[in-house]
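Me: Could you take me through this structure one question at a time, with the reasoning laid out before each result?

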Amino acid sequence: MAGLGETIAARGNVKAGPASERPEHLARVLQFAADGVLSPLIEASYPLEAVAEAYARIDSGRKVGNIVLRP
């Protein structure tokens, strides 16, 4: 199993950390997404009714990507 360093290195140019809450920064991130510049790693997608299952995956310590909850 790869550690955090190996996982990040395998993904290439990774930016991590908290995002600012400034509207102009959010607009820039949204533009990156629209332009296809971002490549988020989505591990799983769950319906909102399965929120407990989604949190169980997060708490398992084995989550690699993001978890998406759908309405």
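Reply: Helices are DSSP runs of at least four residues, numbered from the N terminus, and in that numbering valine 51 has its place in helix H3. The model is a predicted one.

Me: In what order do the elements of the chain run from the N terminus on?
Reply: The secondary structure of this chain comprises three helices and two strands. Read from the N terminus on, these elements follow the order α-α-β-α-β.

Me: How far apart are the end C-alpha atoms of helix H2?
Reply: Helix H2 covers residues 23-35, which makes 13 residues, and at 1.5 Å a residue the expected span is 18 Å. Just after H2, glycine 36 takes a positive phi of about 80 degrees. The expected span agrees with the model, in which the end C-alpha atoms of H2 lie 18 Å apart.

Me: Is valine 51 buried, partly exposed or exposed?
Reply: The relative accessible area of valine 51 is 32%. Buried would mean under 20% and exposed over 50%, with partly exposed in between, so valine 51 counts as partly exposed.

Me: Which helix gives the largest share of the nonpolar patch?
Reply: The patch on the surface is formed by Leu48, Val51, Tyr55, Ile58 and Leu69, which together have about 430 Å² of accessible area. Three residues of the patch come from a single helix, residues 51-59, and this largest share belongs to helix H3.

Me: What percentage of the residues in the chain is buried?
Reply: The accessible surface of the chain comes to about 6,000 Å², and carbon and sulfur atoms hold 59% of that surface. Among the 71 residues of the chain, the buried ones make up 8%.

Technical notes. Residues numbered from 1 in each chain as written. Predicted model: local features only at pLDDT ≥ 70, side-chain atom pairs only at ≥ 80, totals over all residues. Heavy atoms only, no water. Expected span 1.5 Å × (residues − 1). Patch = residues over 30% accessible without salt bridge, like charges linked within 9 Å, V, L, I, M, F, W, Y side chains within 5 Å. Areas by Shrake-Rupley, 256 points an atom, 1.4 Å probe, with all protein chains shown as cover. Salt bridge = Lys/Arg side-chain N within 4 Å of Asp/Glu carboxyl O. Buried < 20%, exposed > 50% of the residue type's maximum accessible area, 1.4 Å probe, protein only.
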